[in-house]
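Subject: Structure handover

Hello,

Here is the structure for you to take over. My notes on it follow below.

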Amino acid sequence: MYASCMGRGAHPPTEERAAAGRVALICTLWAAVHSLLASRRAKDLACRIVGPRYRNGLYRFLYNLQAVVLVAWAARRFLSLPDRELYRVPAPWSLLLRLGQCASVAVLLSGVRVIGVLDFAGISSLLDLLRGRNPRPEPEAQGPPSEGELKIAGAFRLTRHPGNLAALGIFLLFPRMTVNRAVLALFVTLYVILGSLHEEQRLRAAYGAAAYDRYRRSVPFLLPRPWKSPG
């Protein structure tokens, strides 16, 4: 009787709460591993174990590889969980949300292009290692190129954290929102904000306080301000 009242495809509230809890756990585990491996302590430990040459040549590539593997694992687990729809935005308004997601992907790709696709992926350092060269140490944080002053280009003209802004847009603009997606969006939002605040410290250390403060005055922290162009 209870199942028939819930409708086809629905799940008992206890199952929904358990699924939402698993989503929260998956997000927490992913964020913990991602943050730990991105830390200076983990990179210094890798340097002590394998030496600076192999650390510089392999770390970025392997870091990205594990991130892809963990995302694939998390997505597989996420899709296997029971879920319930909260709302669905009808056409043509749903098209606007999809366009927003596409724009978010474009912001991400623009930021990667400014940094350098091969550098961002860690392939440049890997190729240097394979060719017998000494790979350059990777930047302290992923930001725009710098030669004394930061080169403000591409998505870095809109936000100081293009990758984090892209993640925010992709996960918040689903035309169909479910319980599990809402939990995921909440964790992504928290991680984006906290991660961006932490990255600010790393970028300031990497570029120097004076240069980075000038950059901060020209470009917004996270959300673009179209009416203000970089000075």
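F174 has a relative accessibility of 16%, under the 20% limit, so it counts as buried. Its ring partner F171 counts as partly exposed, at 25%. The two ring centres lie 6.4 Å apart. The planes stand at 75 degrees, which is over 60, so this pair is edge-to-face. Please keep in mind that the model is predicted.

**Other aromatic pairs**

The structure holds 4 aromatic pairs. Another one of them joins Y207 and Y212. Here the ring centres are 6.3 Å apart. The planes are at 10 degrees, so Y207 and Y212 are stacked. Both Y207 and Y212 are buried. Y215 joins Y207 and Y212 in one aromatic cluster.

**Overall layout**

The protein chain has 231 residues, and 37% of them are buried. Its secondary structure comes to 10 helices and 4 strands. From the N terminus, the order of elements is α-α-α-α-β-α-α-α-β-β-α-β-α-α. The C-alpha trace spans about 70 × 45 × 30 Å along its principal axes. Take the contacts between residues at least 6 apart in sequence: 80% of these join residues at least 24 apart.

**Helices α2 and α4**

Helix α2 covers residues 13-38, and helix α4 covers residues 52-79. Their axes come within 11 Å. The crossing angle is roughly 180 degrees. That is over 145 degrees, so α2 and α4 are roughly antiparallel to each other.

Which residues in α2 and α4 meet? On the α2 side they are R22, V23, I26, W30, V33, H34, L37 and A38. On the α4 side they are Y59, Y63, Q66, A67, L70, V71, W73, A74, R77 and F78. By type, the residues of this contact divide into 14 nonpolar, 2 polar and 2 charged.

**R55 and the charges over rings**

R55 also sits in α4. Is R55 buried or exposed? Its relative accessible area is 6%, so R55 is buried. Leaving aside neighbours within four places in sequence, R55 touches R40, K43, A46, C47, V50 and E138. K43 is 12 residues away from R55 along the chain, and their C-alpha atoms are separated by 7.6 Å.

The charged end of R55 sits over the ring of Y59. The distance to the ring centre is 5.2 Å. Y59 is also one of the α4 residues that meet α2. A second arginine, R53, lies over the face of Y54. In that case the distance to the ring centre is 5.6 Å.

**A cis peptide bond**

Most peptide bonds are trans. The bond that joins A91 and P92 is cis, with omega at about 5 degrees. P92 is found in the loop between β1 (85-88) and α5 (93-115).

**A103 in α5**

A103 lies in helix α5. With a relative accessible area of 39%, A103 is partly exposed. The value falls between 20% and 50%, which is why A103 gets that label. I170 is 67 residues away along the chain from A103. The C-alpha atoms of A103 and I170 are separated by 8.8 Å.

**L222**

L222 lies in the segment after α10 (209-218). Its relative accessible area is 6%, so L222 is buried. Which residues does L222 touch, not counting those up to four places away in sequence? They are T159, H161, N164, L165, L168, V192 and S196. S39 is 183 residues away from L222 along the chain, and the C-alpha atoms of L222 and S39 are separated by 21 Å.

**Where to look in the viewer**

- F171 and F174, for the edge-to-face pair.
- Y207, Y212 and Y215, for the aromatic cluster.
- R55 and Y59, for the charge over the ring.
- A91 and P92, for the cis bond.

Best regards

Methods:
Residues numbered from 1 in each chain as written. Predicted model: local features only at pLDDT ≥ 70, side-chain atom pairs only at ≥ 80, totals over all residues. Heavy atoms only, no water. Helix = DSSP H or I, 4+ residues; strand = E, 2+ residues; numbered from the N terminus. Buried < 20%, exposed > 50% of the residue type's maximum accessible area, 1.4 Å probe, protein only. Contact = heavy atoms within 4.5 Å. Axes fitted to C-alpha atoms, helices over the stretch in contact; angles between N-to-C directions. Parallel < 35°, antiparallel > 145°, perpendicular 65-115°, else oblique. Nonpolar A, V, L, I, M, F, W, Y, C, P; charged D, E, K, R; others polar. Phe/Tyr/Trp six-rings, centres within 6.5 Å; stacked < 30°, edge-to-face > 60°. Lys NZ or Arg CZ within 6 Å of the ring centre and 35° of its normal.
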